[in-house]
Amino acid sequence: MPVLVMKFGGTSVANLDRIRRAAKRVGVEVAKGYDVIVIVSAMSGETNKLVGFVDETSPLYDAREYDAIVSSGENVTAGLMALTLQEMDVPARSWQGWQVPLKTTSAHSQARIEEIPTDNLNAKFGEGMRVAVVAGFQGISDEGRITTLGRGGSDTTAVAFAAAFGAERCDIYTDVDGVYTTDPRICAKARKLDKIAFEEMLELASLGAKVLQTRSVELAMRYKVKLRVLSSFEEQSDEAGTLVCDEEEIMESNVVAGVAYSRDEAKMTLLSVADRPGIASIIFGCLSDAGVNVDMIVQNISEDGRTDMTYSLPTDQVKRAGTALDELKTSGGLNFAELVIDEDVSKVSVVGIGMRSQSGVAAKMFKVLSDEGVNIKVITTSEIKISVLIDRKYMELAVQSLHDAFELEKAG
Ligand code: ADP
Ligand code: ASP
Ligand code: MG
(Lines give C-alpha, C1' and ligand atoms only; values in the text may rest on other atoms or scores of the structure.)
(Ligands and ions follow the chains in the order given, each with its own letter.)
Protein backbone atom coordinates (compact mmCIF):
# COMPACT_ATOMS: atom_id res chain seq x y z
CA MET A 1 0.00 0.00 0.00
CA PRO A 2 1.20 3.54 -0.60
CA VAL A 3 2.73 5.22 2.42
CA LEU A 4 1.97 8.74 3.65
CA VAL A 5 3.89 10.57 6.38
CA MET A 6 1.89 13.04 8.50
CA LYS A 7 3.67 15.13 11.13
CA PHE A 8 1.81 17.00 13.85
CA GLY A 9 3.63 19.81 15.67
CA GLY A 10 3.27 20.84 19.30
CA THR A 11 0.17 23.01 18.98
CA SER A 12 -1.54 20.31 16.88
CA VAL A 13 -1.24 17.82 19.78
CA ALA A 14 -1.47 20.36 22.62
CA ASN A 15 -4.34 18.55 24.39
CA LEU A 16 -6.54 15.49 24.05
CA ASP A 17 -9.08 17.34 21.91
CA ARG A 18 -6.43 18.38 19.41
CA ILE A 19 -5.01 14.85 19.37
CA ARG A 20 -8.50 13.55 18.53
CA ARG A 21 -8.80 16.11 15.75
CA ALA A 22 -5.40 15.11 14.34
CA ALA A 23 -6.29 11.43 14.62
CA LYS A 24 -9.42 12.08 12.57
CA ARG A 25 -7.25 13.56 9.79
CA VAL A 26 -5.12 10.43 9.93
CA GLY A 27 -8.28 8.30 9.74
CA VAL A 28 -9.29 10.07 6.50
CA GLU A 29 -5.99 9.11 4.87
CA VAL A 30 -6.21 5.53 6.13
CA ALA A 31 -9.69 5.31 4.61
CA LYS A 32 -8.20 6.43 1.28
CA GLY A 33 -5.96 3.35 1.41
CA TYR A 34 -2.68 4.71 2.76
CA ASP A 35 -0.48 3.09 5.35
CA VAL A 36 0.35 6.11 7.47
CA ILE A 37 3.44 6.97 9.49
CA VAL A 38 2.47 9.67 11.96
CA ILE A 39 5.28 11.69 13.53
CA VAL A 40 4.34 13.60 16.66
CA SER A 41 5.96 16.45 18.59
CA ALA A 42 5.56 16.89 22.33
CA MET A 43 2.53 18.89 23.49
CA SER A 44 3.32 22.59 22.97
CA GLY A 45 5.34 24.07 25.81
CA GLU A 46 6.37 20.64 27.06
CA THR A 47 9.88 20.57 25.60
CA ASN A 48 10.57 24.08 26.94
CA LYS A 49 9.42 22.94 30.35
CA LEU A 50 11.77 19.93 30.25
CA VAL A 51 14.69 22.08 29.09
CA GLY A 52 13.93 24.38 32.05
CA PHE A 53 14.15 21.42 34.47
CA VAL A 54 17.56 20.51 33.05
CA ASP A 55 18.91 24.08 33.27
CA GLU A 56 17.71 24.42 36.85
CA THR A 57 19.19 21.10 37.92
CA SER A 58 22.55 21.39 36.20
CA PRO A 59 23.69 24.51 34.31
CA LEU A 60 26.62 22.70 32.65
CA TYR A 61 24.63 19.53 32.10
CA ASP A 62 25.61 16.13 30.74
CA ALA A 63 24.17 16.30 27.21
CA ARG A 64 23.26 12.58 27.30
CA GLU A 65 20.94 13.15 30.24
CA TYR A 66 19.59 16.33 28.60
CA ASP A 67 18.51 14.17 25.65
CA ALA A 68 17.02 11.47 27.88
CA ILE A 69 14.89 14.14 29.55
CA VAL A 70 13.85 16.46 26.73
CA SER A 71 12.96 13.60 24.37
CA SER A 72 10.32 12.32 26.78
CA GLY A 73 7.55 14.74 25.76
CA GLU A 74 7.21 12.96 22.43
CA ASN A 75 6.81 9.57 24.12
CA VAL A 76 3.61 10.77 25.75
CA THR A 77 2.01 12.15 22.59
CA ALA A 78 3.00 9.08 20.54
CA GLY A 79 1.26 6.78 23.00
CA LEU A 80 -1.80 9.04 23.25
CA MET A 81 -2.12 9.31 19.48
CA ALA A 82 -1.92 5.51 19.10
CA LEU A 83 -4.57 5.02 21.80
CA THR A 84 -6.84 7.63 20.20
CA LEU A 85 -6.56 5.88 16.84
CA GLN A 86 -7.31 2.52 18.45
CA GLU A 87 -10.44 4.08 19.98
CA MET A 88 -11.44 4.96 16.41
CA ASP A 89 -10.88 1.31 15.39
CA VAL A 90 -7.79 2.18 13.38
CA PRO A 91 -5.05 -0.44 13.99
CA ALA A 92 -2.19 1.65 15.34
CA ARG A 93 0.77 1.41 17.69
CA SER A 94 3.41 3.78 18.97
CA TRP A 95 7.16 3.58 18.37
CA GLN A 96 9.85 5.42 20.27
CA GLY A 97 12.97 6.30 18.31
CA TRP A 98 15.05 3.43 19.73
CA GLN A 99 12.36 0.88 18.88
CA VAL A 100 12.43 1.66 15.15
CA PRO A 101 15.46 2.01 15.61
CA LEU A 102 16.17 5.50 14.29
CA LYS A 103 19.97 5.53 14.35
CA THR A 104 21.81 8.82 14.80
CA THR A 105 25.25 10.21 15.43
CA SER A 106 26.15 10.68 19.08
CA ALA A 107 26.23 14.51 18.83
CA HIS A 108 23.80 14.87 21.71
CA SER A 109 21.15 17.60 21.43
CA GLN A 110 21.96 18.06 17.76
CA ALA A 111 22.34 14.53 16.45
CA ARG A 112 22.03 13.71 12.78
CA ILE A 113 20.04 10.80 11.43
CA GLU A 114 22.23 8.06 9.98
CA GLU A 115 19.81 5.27 9.19
CA ILE A 116 16.17 4.27 9.48
CA PRO A 117 15.76 0.52 8.93
CA THR A 118 12.31 -0.18 7.52
CA ASP A 119 11.95 -3.88 8.47
CA ASN A 120 10.32 -3.49 11.89
CA LEU A 121 7.59 -1.12 10.78
CA ASN A 122 7.02 -2.93 7.50
CA ALA A 123 6.61 -6.25 9.34
CA LYS A 124 3.84 -4.68 11.42
CA PHE A 125 2.21 -3.06 8.38
CA GLY A 126 2.28 -6.58 6.89
CA GLU A 127 0.37 -7.87 9.91
CA GLY A 128 -2.40 -5.31 9.49
CA MET A 129 -1.16 -2.27 11.40
CA ARG A 130 -2.38 0.79 9.45
CA VAL A 131 -0.70 3.56 11.40
CA ALA A 132 2.74 3.67 12.98
CA VAL A 133 2.88 6.58 15.40
CA VAL A 134 6.52 7.54 15.83
CA ALA A 135 7.85 9.87 18.51
CA GLY A 136 9.59 12.70 16.64
CA PHE A 137 12.84 14.48 17.55
CA GLN A 138 14.57 11.42 19.07
CA GLY A 139 16.85 8.57 18.10
CA ILE A 140 19.53 6.25 19.44
CA SER A 141 23.31 6.46 19.08
CA ASP A 142 25.77 3.63 18.43
CA GLU A 143 26.50 3.70 22.17
CA GLY A 144 22.86 2.88 22.84
CA ARG A 145 22.08 6.30 24.31
CA ILE A 146 18.98 8.35 23.51
CA THR A 147 19.70 11.34 21.26
CA THR A 148 17.70 14.35 20.03
CA LEU A 149 17.87 16.14 16.71
CA GLY A 150 17.88 19.81 17.78
CA ARG A 151 14.87 22.02 18.48
CA GLY A 152 12.14 21.60 15.89
CA GLY A 153 13.65 18.21 15.01
CA SER A 154 10.36 16.37 14.50
CA ASP A 155 10.16 17.96 11.04
CA THR A 156 13.41 16.19 10.22
CA THR A 157 12.16 12.90 11.64
CA ALA A 158 9.15 13.21 9.34
CA VAL A 159 11.11 13.89 6.17
CA ALA A 160 13.63 11.16 6.98
CA PHE A 161 10.83 8.60 7.37
CA ALA A 162 9.26 9.79 4.12
CA ALA A 163 12.59 9.23 2.37
CA ALA A 164 13.25 5.85 3.99
CA PHE A 165 9.77 4.48 3.21
CA GLY A 166 9.43 6.11 -0.22
CA ALA A 167 6.30 7.92 0.97
CA GLU A 168 4.03 9.51 -1.57
CA ARG A 169 4.18 12.76 0.40
CA CYS A 170 5.29 14.23 3.72
CA ASP A 171 2.63 16.51 5.20
CA ILE A 172 3.73 18.83 8.01
CA TYR A 173 0.65 19.88 9.99
CA THR A 174 1.18 23.01 12.04
CA ASP A 175 -0.57 26.09 13.46
CA VAL A 176 -0.37 28.18 10.27
CA ASP A 177 -1.82 27.14 6.92
CA GLY A 178 1.44 27.15 5.02
CA VAL A 179 4.71 28.95 4.45
CA TYR A 180 4.26 32.73 4.29
CA THR A 181 6.36 35.55 2.84
CA THR A 182 7.28 36.24 6.47
CA ASP A 183 6.09 35.17 9.90
CA PRO A 184 2.34 35.99 9.85
CA ARG A 185 2.53 36.53 13.61
CA ILE A 186 4.58 39.69 13.25
CA CYS A 187 3.46 40.96 9.84
CA ALA A 188 -0.27 41.17 9.13
CA LYS A 189 0.39 41.59 5.40
CA ALA A 190 2.32 38.31 5.12
CA ARG A 191 1.04 36.30 2.16
CA LYS A 192 0.73 32.54 2.00
CA LEU A 193 2.78 30.95 -0.76
CA ASP A 194 1.31 28.07 -2.80
CA LYS A 195 4.80 26.89 -3.64
CA ILE A 196 8.31 27.71 -2.48
CA ALA A 197 11.62 26.49 -3.90
CA PHE A 198 13.73 24.18 -1.73
CA GLU A 199 16.66 26.59 -1.78
CA GLU A 200 14.57 29.53 -0.64
CA MET A 201 12.95 27.46 2.09
CA LEU A 202 16.37 26.24 3.17
CA GLU A 203 17.63 29.83 3.56
CA LEU A 204 14.45 31.04 5.29
CA ALA A 205 14.61 28.12 7.73
CA SER A 206 18.29 28.55 8.51
CA LEU A 207 17.76 32.31 8.99
CA GLY A 208 15.08 31.79 11.60
CA ALA A 209 11.71 30.95 9.98
CA LYS A 210 10.98 28.09 12.33
CA VAL A 211 8.05 26.69 10.35
CA LEU A 212 10.42 23.93 9.14
CA GLN A 213 13.68 22.77 10.71
CA THR A 214 16.56 23.50 8.30
CA ARG A 215 17.75 19.92 8.24
CA SER A 216 14.30 18.68 7.17
CA VAL A 217 14.45 20.89 4.08
CA GLU A 218 17.97 19.65 3.29
CA LEU A 219 16.81 16.06 3.48
CA ALA A 220 13.70 16.70 1.38
CA MET A 221 15.85 18.35 -1.26
CA ARG A 222 18.40 15.56 -1.29
CA TYR A 223 15.91 12.66 -1.34
CA LYS A 224 13.27 14.39 -3.48
CA VAL A 225 10.58 14.12 -0.86
CA LYS A 226 7.31 15.83 -1.75
CA LEU A 227 7.02 18.15 1.22
CA ARG A 228 3.92 20.11 2.16
CA VAL A 229 3.14 22.47 5.06
CA LEU A 230 -0.49 22.88 6.10
CA SER A 231 -2.78 23.67 9.01
CA SER A 232 -4.11 21.02 11.36
CA PHE A 233 -6.94 23.38 12.37
CA GLU A 234 -8.79 23.51 9.08
CA GLU A 235 -10.45 21.00 6.78
CA GLN A 236 -7.88 20.20 4.12
CA SER A 237 -8.00 19.39 0.44
CA ASP A 238 -5.16 17.71 -1.44
CA GLU A 239 -4.04 21.12 -2.75
CA ALA A 240 -4.02 22.94 0.60
CA GLY A 241 -1.00 24.51 2.22
CA THR A 242 2.39 25.19 0.67
CA LEU A 243 4.35 22.77 -1.44
CA VAL A 244 8.14 22.93 -1.07
CA CYS A 245 9.44 21.97 -4.50
CA ASP A 246 12.11 22.39 -7.18
CA GLU A 247 12.71 25.87 -8.56
CA GLU A 248 11.63 24.69 -12.01
CA GLU A 249 8.12 23.91 -10.77
CA ILE A 250 7.49 27.57 -9.92
CA MET A 251 6.41 29.64 -12.88
CA GLU A 252 6.79 33.16 -11.56
CA SER A 253 8.16 34.60 -8.40
CA ASN A 254 9.30 37.84 -6.78
CA VAL A 255 12.99 38.74 -6.64
CA VAL A 256 12.65 38.57 -2.87
CA ALA A 257 10.62 35.54 -1.81
CA GLY A 258 10.52 36.21 1.90
CA VAL A 259 11.83 37.94 5.00
CA ALA A 260 13.13 35.95 7.96
CA TYR A 261 14.27 36.99 11.40
CA SER A 262 16.07 35.47 14.31
CA ARG A 263 15.14 37.34 17.47
CA ASP A 264 17.59 36.11 20.09
CA GLU A 265 21.01 36.92 18.70
CA ALA A 266 24.01 38.40 20.45
CA LYS A 267 27.14 40.16 19.26
CA MET A 268 30.54 39.77 20.90
CA THR A 269 33.61 41.86 20.09
CA LEU A 270 37.15 41.02 21.10
CA LEU A 271 38.93 44.36 21.36
CA SER A 272 42.56 44.57 20.38
CA VAL A 273 43.71 41.13 19.33
CA ALA A 274 46.96 40.68 17.42
CA ASP A 275 46.54 41.00 13.64
CA ARG A 276 48.61 38.03 12.50
CA PRO A 277 48.07 34.67 10.80
CA GLY A 278 46.47 32.12 13.08
CA ILE A 279 44.49 34.46 15.34
CA ALA A 280 41.09 33.76 13.75
CA SER A 281 41.88 30.07 13.91
CA ILE A 282 42.65 30.30 17.65
CA ILE A 283 39.51 32.31 18.46
CA PHE A 284 37.03 30.32 16.42
CA GLY A 285 38.72 27.01 17.21
CA CYS A 286 38.22 27.76 20.90
CA LEU A 287 34.56 28.70 20.35
CA SER A 288 33.94 25.62 18.24
CA ASP A 289 35.48 23.37 20.91
CA ALA A 290 33.11 24.99 23.41
CA GLY A 291 30.15 24.04 21.17
CA VAL A 292 29.36 27.65 20.20
CA ASN A 293 27.62 28.18 16.85
CA VAL A 294 29.17 31.33 15.46
CA ASP A 295 27.21 32.96 12.65
CA MET A 296 28.38 36.32 11.23
CA ILE A 297 32.06 37.35 11.54
CA VAL A 298 33.63 40.74 10.95
CA GLN A 299 37.27 41.72 11.38
CA ASN A 300 38.14 45.40 11.61
CA ILE A 301 40.94 47.20 9.81
CA SER A 302 44.08 46.83 11.89
CA GLU A 303 45.97 49.61 13.60
CA ASP A 304 49.48 49.17 14.99
CA GLY A 305 49.28 45.43 14.41
CA ARG A 306 46.11 45.01 16.46
CA THR A 307 42.51 44.57 15.35
CA ASP A 308 38.98 43.97 16.71
CA MET A 309 37.07 40.78 15.94
CA THR A 310 33.26 40.77 16.04
CA TYR A 311 30.97 37.76 15.69
CA SER A 312 27.33 36.89 16.31
CA LEU A 313 25.89 33.87 18.09
CA PRO A 314 22.61 32.76 19.72
CA THR A 315 21.99 34.59 23.02
CA ASP A 316 21.87 31.39 25.02
CA GLN A 317 25.47 30.56 24.05
CA VAL A 318 26.98 33.86 25.25
CA LYS A 319 27.90 32.55 28.68
CA ARG A 320 29.64 29.49 27.27
CA ALA A 321 31.52 31.59 24.72
CA GLY A 322 32.60 34.14 27.35
CA THR A 323 33.86 31.45 29.71
CA ALA A 324 35.83 29.71 26.96
CA LEU A 325 37.53 32.95 25.81
CA ASP A 326 38.32 34.06 29.38
CA GLU A 327 39.92 30.69 30.05
CA LEU A 328 41.91 31.00 26.83
CA LYS A 329 43.15 34.43 27.93
CA THR A 330 44.07 33.24 31.42
CA SER A 331 46.01 30.28 30.03
CA GLY A 332 48.01 32.64 27.79
CA GLY A 333 46.47 31.25 24.57
CA LEU A 334 45.08 34.61 23.42
CA ASN A 335 45.75 38.19 24.34
CA PHE A 336 42.91 40.72 24.04
CA ALA A 337 42.02 43.98 25.80
CA GLU A 338 38.32 43.45 26.44
CA LEU A 339 35.32 41.34 25.48
CA VAL A 340 32.32 43.56 24.67
CA ILE A 341 28.94 41.84 24.66
CA ASP A 342 25.68 43.11 23.13
CA GLU A 343 22.82 40.74 23.93
CA ASP A 344 20.03 42.89 22.46
CA VAL A 345 20.35 42.28 18.75
CA SER A 346 18.31 40.41 16.14
CA LYS A 347 19.06 39.26 12.64
CA VAL A 348 16.76 40.20 9.76
CA SER A 349 17.26 38.67 6.30
CA VAL A 350 15.73 38.91 2.85
CA VAL A 351 15.83 35.76 0.72
CA GLY A 352 15.16 35.15 -2.96
CA ILE A 353 16.53 33.12 -5.85
CA GLY A 354 15.84 36.15 -8.09
CA MET A 355 18.76 37.96 -6.42
CA ARG A 356 21.15 35.83 -8.46
CA SER A 357 20.21 37.74 -11.57
CA GLN A 358 18.98 41.07 -10.25
CA SER A 359 21.18 43.65 -8.57
CA GLY A 360 20.11 46.46 -6.25
CA VAL A 361 18.40 44.38 -3.58
CA ALA A 362 21.06 45.16 -0.97
CA ALA A 363 20.99 48.88 -1.75
CA LYS A 364 17.21 48.90 -1.43
CA MET A 365 17.29 46.97 1.83
CA PHE A 366 19.82 49.37 3.38
CA LYS A 367 17.81 52.40 2.19
CA VAL A 368 14.60 51.05 3.74
CA LEU A 369 16.34 50.51 7.07
CA SER A 370 18.01 53.90 6.99
CA ASP A 371 14.67 55.61 6.23
CA GLU A 372 13.33 53.97 9.39
CA GLY A 373 16.35 55.14 11.39
CA VAL A 374 17.56 51.59 11.97
CA ASN A 375 21.32 51.27 12.41
CA ILE A 376 22.94 48.22 10.81
CA LYS A 377 25.61 46.60 12.98
CA VAL A 378 26.79 43.70 10.82
CA ILE A 379 25.99 42.64 7.24
CA THR A 380 26.46 39.30 5.51
CA THR A 381 25.38 38.20 2.06
CA SER A 382 25.24 35.09 -0.07
CA GLU A 383 24.01 34.55 -3.60
CA ILE A 384 20.36 34.46 -2.56
CA LYS A 385 20.20 36.27 0.79
CA ILE A 386 21.21 39.43 2.64
CA SER A 387 21.27 39.47 6.44
CA VAL A 388 21.73 42.36 8.85
CA LEU A 389 22.18 42.50 12.58
CA ILE A 390 20.18 45.31 14.22
CA ASP A 391 18.97 46.37 17.68
CA ARG A 392 16.23 43.99 18.79
CA LYS A 393 13.75 46.78 19.46
CA TYR A 394 13.65 47.51 15.69
CA MET A 395 13.23 43.92 14.58
CA GLU A 396 9.49 43.91 13.89
CA LEU A 397 9.63 47.35 12.30
CA ALA A 398 12.43 46.17 10.01
CA VAL A 399 10.56 43.03 8.95
CA GLN A 400 7.37 44.96 8.22
CA SER A 401 9.12 47.78 6.33
CA LEU A 402 11.09 45.34 4.19
CA HIS A 403 7.94 43.33 3.49
CA ASP A 404 6.26 46.56 2.31
CA ALA A 405 9.21 47.86 0.32
CA PHE A 406 9.64 44.62 -1.64
CA GLU A 407 5.84 44.41 -2.11
CA LEU A 408 5.70 40.87 -0.86
CA GLU A 409 1.97 41.07 -0.25
CA LYS A 410 1.60 40.90 -4.05
CA ALA A 411 2.29 37.73 -6.02
CA GLY A 412 5.14 38.04 -8.53
P1 ADP B 1 5.12 23.26 15.18
O2 ADP B 1 4.95 23.25 16.66
O3 ADP B 1 3.90 22.83 14.44
O4 ADP B 1 6.36 22.57 14.74
P5 ADP B 1 6.45 25.82 14.92
O6 ADP B 1 6.11 26.78 15.99
O7 ADP B 1 7.74 25.10 15.02
O8 ADP B 1 5.25 24.80 14.77
O9 ADP B 1 6.41 26.55 13.50
C10 ADP B 1 5.26 27.25 13.10
C11 ADP B 1 5.46 28.74 13.36
O12 ADP B 1 6.47 29.23 12.50
C13 ADP B 1 4.27 29.61 13.03
O14 ADP B 1 3.38 29.67 14.11
C15 ADP B 1 4.89 30.95 12.70
O16 ADP B 1 4.79 31.86 13.77
C17 ADP B 1 6.36 30.64 12.49
N18 ADP B 1 6.88 31.16 11.22
C19 ADP B 1 8.02 31.88 11.10
N20 ADP B 1 8.23 32.23 9.84
C21 ADP B 1 7.21 31.73 9.11
C22 ADP B 1 6.87 31.76 7.72
N23 ADP B 1 7.64 32.38 6.80
N24 ADP B 1 5.74 31.12 7.32
C25 ADP B 1 4.96 30.49 8.22
N26 ADP B 1 5.23 30.44 9.55
C27 ADP B 1 6.33 31.04 10.00
N1 ASP C 1 9.42 19.02 20.75
C2 ASP C 1 10.64 19.42 20.12
C3 ASP C 1 10.83 20.92 20.23
O4 ASP C 1 9.98 21.59 20.80
C5 ASP C 1 10.75 18.94 18.72
C6 ASP C 1 9.68 19.45 17.78
O7 ASP C 1 8.61 19.88 18.21
O8 ASP C 1 9.89 19.38 16.57
O9 ASP C 1 11.81 21.43 19.77
MG1 MG D 1 8.40 23.14 14.66
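**Close-up 1. The shell around ligand 2, sorted by residue class.** In this predicted model, the shell around ligand 2 is made up of five polar residues, two nonpolar residues and two charged residues. To find them in the view, look for S41, A42 and T47, then E74 and F137, and finally the run R151, G152, G153 and S154.

**Close-up 2. Polar contacts of ligand 2.** Here we zoom in on individual atom pairs. The side chain of S41 places an N or O atom 2.9 Å from an oxygen atom of ligand 2. T47 also takes part through its side chain, with a polar atom 2.8 Å from a nitrogen atom of the ligand. At S154 the partner is a polar backbone atom, which is 3.0 Å from an oxygen atom of ligand 2. On its own, ligand 2 has 260 Å² of accessible area, and the protein covers 86% of it.

**Close-up 3. The surroundings of ligand 1.** Moving on to the other ligand, 16 residues surround ligand 1. If you would like a few landmarks, the closest are T174, D175, Y180, D183 and R185. Sorted by class, the shell around ligand 1 holds five charged, five polar and six nonpolar residues.

**Close-up 4. Polar contacts of ligand 1.** Three of the side chains to look for in this view belong to D175, D183 and R185. For D175, an N or O atom of the side chain is 2.9 Å from an oxygen atom of ligand 1. The side chain of D183 likewise has an N or O atom 2.8 Å from an oxygen atom of the ligand. R185 contributes a polar side-chain atom that lies 2.7 Å from an oxygen atom of ligand 1. Of the 570 Å² that ligand 1 exposes when taken alone, the protein buries 88%.

**Close-up 5. The second largest pocket and its lining.** This last view leaves the ligands and turns to a pocket. The volume of the second largest pocket is about 380 Å³. Its lining consists of 21 residues, and those nearest the pocket centre are L193, K195, I250, E252 and S253. Which strand gives the most to the lining of the second largest pocket? Strand β10, spanning residues 195–197, does, with three residues. By class, this lining has seven charged, four polar and 10 nonpolar residues.

Conventions: Residues are numbered from 1 along each chain as its sequence is written. Chains are lettered from A and ligands numbered from 1 in the order in which they are written. This is a predicted model: local features need pLDDT of at least 70, side-chain atom pairs count only at pLDDT 80 or more; totals for chains, interfaces and linings use all residues. Side-chain values use heavy atoms; hydrogens and water are left out. A residue is near a molecule or strand if one of its heavy atoms lies within 4 Å of it. A polar contact is a pair of N or O atoms within 3.5 Å; within protein, one must be able to donate a hydrogen and the other to accept it, and residues adjacent in sequence count only if both atoms are side-chain atoms. Accessible areas come from the Shrake-Rupley method with a 1.4 Å probe; for residues, only the protein chains shown count as cover. Ala, Val, Leu, Ile, Met, Phe, Trp, Tyr, Cys and Pro count as nonpolar, Asp, Glu, Lys and Arg as charged, and the others, Gly among them, as polar. On a 1 Å grid over the protein atoms alone, a cavity is a set of points where a 1.4 Å probe fits but cannot get out, and a pocket is an open set with protein on both sides within 12 Å along at least five of seven lines; lining residues have an atom within 4 Å of a point. Grid points are joined across faces, edges and corners, and a volume is the space filled by probe spheres set on the points. Helices (H or I, at least four residues) and strands (E, at least two) are DSSP runs, numbered from the N terminus.
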